[in-house]
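Colleague: I am new to this one, and I would love a friendly tour. Could we look at it together?

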Amino acid sequence: VNVWISELDNPVDPARTDRFEYQAENYRKVVEICLAIPRCTDIQIWGVQDGPSYWFTLPYEDVSPLLFDRDFQPKPAYFAVRDALLRGRPH
């Protein structure tokens, strides 16, 4: 059975002062775990940027769940995912 991670996003509490670093670490862990599983074939992110999404129906309005901010600027999570993918699968 192949493993496929789909619709990945990682909302963060806007009250956290380290929220973007925390989010980047969570994204990095997911990618590294997938890469460590030989039959993990896909990781699909829910969207591109932190614009309007279903998260706006929750109590928080700014949970910033994706890899790019509202202005399409990369967040630390983008670099964490990129770096984990560039390192590739463990040998």
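Modeller: Gladly! This is a predicted model, and a good place to begin is the strands, where E1 and E2 pair in the parallel sense over four bridges.

Colleague: What is the handedness of the crossover from E1 through H1 to E2?

Modeller: The two strands form a parallel pair. Between them the chain passes through H1, giving a β-α-β crossover. The hand of this crossover is right-handed.

Colleague: Which residue in E2 is the bridge partner of Ile 5?

Modeller: E1 and E2 are joined by four bridges. For Ile 5, the partner across in E2 is Ile 43.

Colleague: In what order do the elements of the protein chain run from the N terminus on?

Modeller: The chain has two helices and two strands to place. Read from the N terminus, their order is β-α-β-α.

Colleague: How far apart are the end C-alpha atoms of helix H1?

Modeller: Helix H1 covers residues 19–36, which makes 18 residues. At 1.5 Å a residue, the helix should span 26 Å. The model agrees with that expectation, since the end C-alpha atoms are separated by 26 Å.

Colleague: What covers the buried residues of H1?

Modeller: The buried residues of H1 include Ala 24, Tyr 27, Val 31 and Leu 35. An α-helix has 3.6 residues a turn, so residues three or four places apart point the same way. The cover over the buried residues of H1 includes strand E1 (3–8), strand E2 (40–45) and helix H2 (76–87).

Colleague: Which residue does the disulfide join to Cys 34?

Modeller: Searching the whole structure turns up one disulfide. Cys 34 is one of the buried residues of H1, with a relative accessible area of 3%. Its sulfur lies 1.8 Å from that of its partner, and this partner is Cys 40.

Colleague: Is Cys 40 buried or exposed?

Modeller: To count as buried, a residue needs a relative accessible area under 20%. Cys 40 has 2%, so the verdict is buried.

Colleague: Is the disulfide of Cys 34 and Cys 40 left-handed or right-handed?

Modeller: The hand follows from the torsion about the S-S bond. That torsion is about -95°, so the disulfide is left-handed.

Colleague: How many aromatic pairs does the structure hold, and which residues do the ring pairs link into a cluster?

Modeller: There are two aromatic pairs. Phe 68 and Tyr 78 make a tilted one, 5.1 Å centre to centre with 45° between the planes. Tyr 78 and Phe 79 make an edge-to-face one, at 5.0 Å and 80°. Together the ring pairs link a cluster of Phe 68, Tyr 78 and Phe 79.

Colleague: How many residues apart in sequence are the parts that the pair of Phe 68 and Tyr 78 ties together?

Modeller: Phe 68 sits in the loop between E2 and H2, while Tyr 78 belongs to helix H2. The pair therefore ties together parts whose separation in sequence is 10 residues.

Colleague: Which residues does Phe 72 touch, not counting residues up to four places away in sequence?

Modeller: Phe 72 is also placed in the loop between E2 and H2. Its C-alpha atom is 8.1 Å from that of Asp 50, although these two are 22 residues apart along the chain. Leaving out residues up to four places away in sequence, Phe 72 touches Val 48 and Gln 49.

Notes: Residues are numbered from 1 along each chain as its sequence is written. This is a predicted model: local features need pLDDT of at least 70, side-chain atom pairs count only at pLDDT 80 or more; totals for chains, interfaces and linings use all residues. Side-chain values use heavy atoms; hydrogens and water are left out. A disulfide is a pair of cysteine sulfur atoms within 2.5 Å. Buried means under 20% relative accessible area, exposed over 50%, partly exposed in between (1.4 Å probe, protein chains only). The expected span of a helix is 1.5 Å times one less than its number of residues. Contact means heavy atoms within 4.5 Å. Two strands pair if DSSP finds at least two bridges between them. A crossover is right-handed if, with the strands pointing away from the viewer, the path from the first strand over the helix to the second runs clockwise. Rings of Phe, Tyr and Trp (its six-membered ring) pair if their centres lie within 6.5 Å; planes under 30 degrees apart count as stacked, over 60 as edge-to-face and the rest as tilted.
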